[in-house]
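Work through these exercises with the sequence and the 3D view side by side. Try each task before you read its solution.

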Amino acid sequence: MTENTQNAGGEPILSLRGINKSFGAVHVLKDVGLDAWAGKVTALVGDNGAGKSTFVKGIAGIYAFDSGEYRFEGKTVTVNHPKQSAALGIEVVYQDLALCDNLDVVQNMFLGREMRSGLTLNETAMERRAQETLAGLSVRTLKSVRQKVSSLSGGQRQTVAIAKSVLWNSKLVILDEPTAALGVAQTEQVLQLVRRLADNGLAVILISHNMNDVLRVADSVCALYLGRTAAQIDARSTSTTQIVELITSGRSGDLGLPPALAQEAVA
Amino acid sequence: MTTGTAAPSRPSAPRRPEDSIGGTVQAYVDKLRGGDVGSLPAILGFIALVIFFSAMRPDSFASTRNAANLLNQAAPVIFIAMGLIFVLLLGEIDLAAGFTSGVGAAVLVVLMTNHGVAWPVAVIACVATGLVIGSVMGALVAQLNIPSFVVTLAFFLALQGVLLLVVGEGGTISLTNETILAIMNKNLSPALGWVLTVLVVGGYAAIAVLGSISRRKADLPVTSTSVTAAKVGALAVIMVAVTILFNQERAVNPAIKSLKGLPLIVPVTLVFLLVLTFLLGRTAFGRHVYAVGGNAEAARRAGINVPMIKIVCFAIGSVLAAFGGVLFASYNNGVSPTTGGSSTLLYAVGAAVIGGTSLFGGKGRIIDAILGGLVVAVIQNGLPLITQKSGIQFIVTGAVLLLAASVDALSRRRSAATGR
Ligand SMILES: Nc1ncnc2c1ncn2[C@@H]1O[C@H](COP(=O)(O)OP(=O)(O)O)[C@@H](O)[C@H]1O
Ligand SMILES: [Mg+2]
């Protein structure tokens, strides 16, 4: 599979090779691999059921991979609990966001990791840092960080969830379909935010169905096909057609899975 | 700060429209429009009911003696409701809270009257009984995932049985201890009443001012001084009026025994209000309670120990209910097999919901129990002065509870529609 990885963007911060994961008799991930670099957006694409979410949950430690090599910042690491990935600086923004509607923006951003002074919550420090983080991401769409999340639009919620993920010295942020439920204008805002994360030096993995989104912000594209990595290619040297072919048949020209494997996967 | 983020510009605190009095009023109106009516129905309902009963029964209802009695009547239900708010915030229910208070009262009275135990030990035993009841119910709900409706219904029945066995069918056990009886029967001296008023208003003002100072220091938006002053002023007017009212002589025959001053239960309730409001509003535990009630899955992913939060909330609920039992024992001079029974639980749930706590979880404050409890007490106190038919009293209370629950459900639907 290494021959399919054509990015030469320096040392990847995250590098996975030969990952396998089965649920009982179902072999969901077959020898998959992926690289992600600091300062770059790596898109993870694939049809429904290709294994994207399973792959990401494994990276986050929600499931343990059955086998394979998991390297982070050049070192082989073991991640089979969300706390371990968080300790490495990996944050995941799940599709269902997991925000509390009845709490405000600051309260959500610090949920479970509240800043305290003695017994009491340090509200001013948290509000300041939330504002600084949002300012650092050039977020100007929030009227007040003290408004309840229930009053926010879908795009604003996504923004809060993303800002929450970068609050903790994170190095790698993984976004699962962040624009799936958004309208045109809000999609645009979120994509700009995703780009800004990478421009601020973070490594970003973006799961998406939308080829326009992918080609707009991604530096590298990794296509999964029926649980295998079809190819990971440079986004600038590819086209929508090529990505769609990789997603739907696992091959595109001389890129992708060997014909035998692509066929076998279908069978 | 975030890794590699370009030096973030320090956004200067923008002057929000809410900063002026007009802006604050506008923001409040917007909030009401958005479906978040908070405690407004309780406050308006209380005023309307007081005016109604005063007009109907100017002699019996609108007297300072009756007002003092009303506060004492309200207190046990208010305490049970304060405990229920912790459980309701989770989106759960505790149907056993009424009989938890009954069993708490029984433990207290039996220990003191039958076994001569000192009052502090008896109160600790009573509170510990609540702690055990609540922890067990909480563990069954949180660890075994049995719906709280079922667990607490089982406890409702079982505790009713325990009360019957301990007190004995048809019997009552009386309490003569001066200290316990004082809680619901004694008053602050008029001078101490004024000290309390100064402490409450001064304390509230100090918290508001200190909060503003620390926010200004951190360059964060601050509520304008005029808004803070208006709030402090309103509280001062209410406290002074209440103190003047209760400092009047209200004995039937003052020559024999003078009766004046704020009922002792007032400062007791205020202390609980302060401590519990602090717990819910200013500590990580409180924040996590709201989070679990708002979105348990989000709370779990944020690393919050959701089962532990649930168990602690049920335990706090039952401890406060048991303390409500102490108040029942003090008010009734003892305990009977029906203490905490009949409509006690419904009154307490009604108080919380009327006060603005949501039955759907995630929304509610301790003050709701007091505001709603006063509304319930006015109905409980005023209706018998108008009609002797207890059937009508049940129907009216049921209708008020239903009305409050409808307001809760409608405001929830409205806030979903307006995205608030
Ligand atoms: N917990 C599980 N148990 C069994 N099969 C699963 C489980 N999770 C995912 N799968 C299967 O793994 C495959 C990949 O799923 P998923 O990772 O969600 O794909 P994607 O996110 O790319 O749409 C699907 O066929 C799905 O049915
Ligand atoms: Mg998926």
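The exercises below deal with a predicted model.

**Exercise 1. Salt bridges between the chains**

Task: Find which residue of chain A forms a salt bridge with Arg287(B), and say why the pair joins two chains.

Solution:
- Step 1. Recall the principle: side chains of opposite charge can pair when their charged atoms come close.
- Step 2. Look for the partner. Arg287(B) forms a salt bridge with Glu123(A), and their closest N and O atoms are 2.7 Å apart. The cut-off is 4 Å, so the pair qualifies.
- Step 3. Place both residues. Arg287(B) sits in helix H11 (residues 284-294) of chain B, and Glu123(A) in helix H4 (residues 123-136) of chain A, so this pair joins two chains.
- Step 4. Check exposure. Arg287(B) and Glu123(A) are both buried.

**Exercise 2. A second pair and a network**

Task: Locate Arg215(B) and Glu127(A), then find which residues salt bridges with shared partners join into one network.

Solution:
- Step 1. Inspect the contact. The side chains of Arg215(B) and Glu127(A) meet in a salt bridge, at 2.8 Å from N to O.
- Step 2. Place the pair. Arg215(B) belongs to helix H8 of chain B and Glu127(A) to helix H4 of chain A, so two chains are joined here.
- Step 3. Check exposure. Arg215(B) is buried, and Glu127(A) is buried too.
- Step 4. Follow the shared partners. One network takes in Asp104(A), Glu123(A), Glu127(A), Arg146(A), Arg215(B) and Arg287(B).

**Exercise 3. A salt bridge inside chain A**

Task: Say how many salt bridges there are over all chains. Then work out which parts of chain A the pair Asp101(A) and Arg157(A) ties together.

Solution:
- Step 1. Take the count: 21 salt bridges over all chains.
- Step 2. Go to the pair. Asp101(A) and Arg157(A) form a salt bridge through their side chains, with N to O at 3.2 Å.
- Step 3. Place each end. Asp101(A) is in the loop between strand S6 (90-93) and helix H3 (105-109), while Arg157(A) is in helix H5 (residues 154-165), so the bridge ties together parts of chain A that are 56 residues apart in sequence.
- Step 4. Check exposure. Asp101(A) is partly exposed at 33% relative accessibility. Arg157(A) is partly exposed as well, with a relative accessible area of 21%.

**Exercise 4. Two helices**

Task: Decide whether H8(B) and H10(B) are roughly parallel or roughly antiparallel.

Solution:
- Step 1. Find the helices. H8 spans residues 190-217 of chain B, and H10 spans residues 265-282 of chain B.
- Step 2. Read the geometry. The two helices pack at an angle of about 15°, and their axes are 11 Å apart.
- Step 3. Classify. This angle makes H8(B) roughly parallel to H10(B).
- Step 4. Add the handedness: the crossing of H8(B) and H10(B) is left-handed.

**Exercise 5. Positive phi**

Task: Say where Asn145(B) and Ser342(B) lie, and whether each is buried or exposed.

Solution:
- Step 1. Recall the general pattern: most residues other than glycine have a negative phi.
- Step 2. Read the angles. Asn145(B) is not a glycine, yet has a positive phi of about 60°. Ser342(B), not a glycine either, has a positive phi of about 40°.
- Step 3. Place them. Asn145(B) lies in the loop between helix H5 (119-144) and helix H6 (148-167) of chain B. Ser342(B) lies in the loop between strand S2 (334-335) and helix H14 (344-355) of chain B.
- Step 4. Check exposure. Asn145(B) is exposed, at 60% relative accessible area. Ser342(B) is exposed, at 74%.

**Exercise 6. Surface and interior of chain B**

Task: Decide whether Phe314(B) is buried or exposed, and find which residues form a nonpolar patch with Ile47(B).

Solution:
- Step 1. Place Phe314(B): helix H13 (residues 306-332) of chain B.
- Step 2. Classify. Phe314(B) has 0% relative accessibility, so it counts as buried.
- Step 3. Compare sequence with space. Phe314(B) and Ser135(B) are 179 residues apart in sequence, and their C-alpha atoms are 6.3 Å apart.
- Step 4. Turn to Ile47(B), in helix H2 (residues 40-56) of chain B. Ile47(B) is partly exposed, at 45% relative accessibility.
- Step 5. Find the patch. Ile43(B), Ile47(B) and Ile51(B) form a nonpolar patch on the surface, and together have about 270 Å² of accessible area.

Definitions and conventions:
Residues are numbered from 1 along each chain as its sequence is written. Chains are lettered from A and ligands numbered from 1 in the order in which they are written. This is a predicted model: local features need pLDDT of at least 70, side-chain atom pairs count only at pLDDT 80 or more; totals for chains, interfaces and linings use all residues. Side-chain values use heavy atoms; hydrogens and water are left out. Patches are made of residues with over 30% relative accessible area and no salt bridge: like charges are joined within 9 Å, nonpolar side chains (Val, Leu, Ile, Met, Phe, Trp, Tyr) within 5 Å. Accessible areas come from the Shrake-Rupley method with a 1.4 Å probe; for residues, only the protein chains shown count as cover. Helices (H or I, at least four residues) and strands (E, at least two) are DSSP runs, numbered from the N terminus. Buried means under 20% relative accessible area, exposed over 50%, partly exposed in between (1.4 Å probe, protein chains only). Axes are lines fitted to C-alpha atoms, for helices over the stretch in contact, and angles run from 0 to 180 degrees between N-to-C directions. Angles under 35 degrees count as roughly parallel, over 145 as roughly antiparallel, 65 to 115 as roughly perpendicular and the rest as oblique. A crossing is left-handed if the near helix is turned anticlockwise from the far one by less than a right angle, and right-handed if clockwise.
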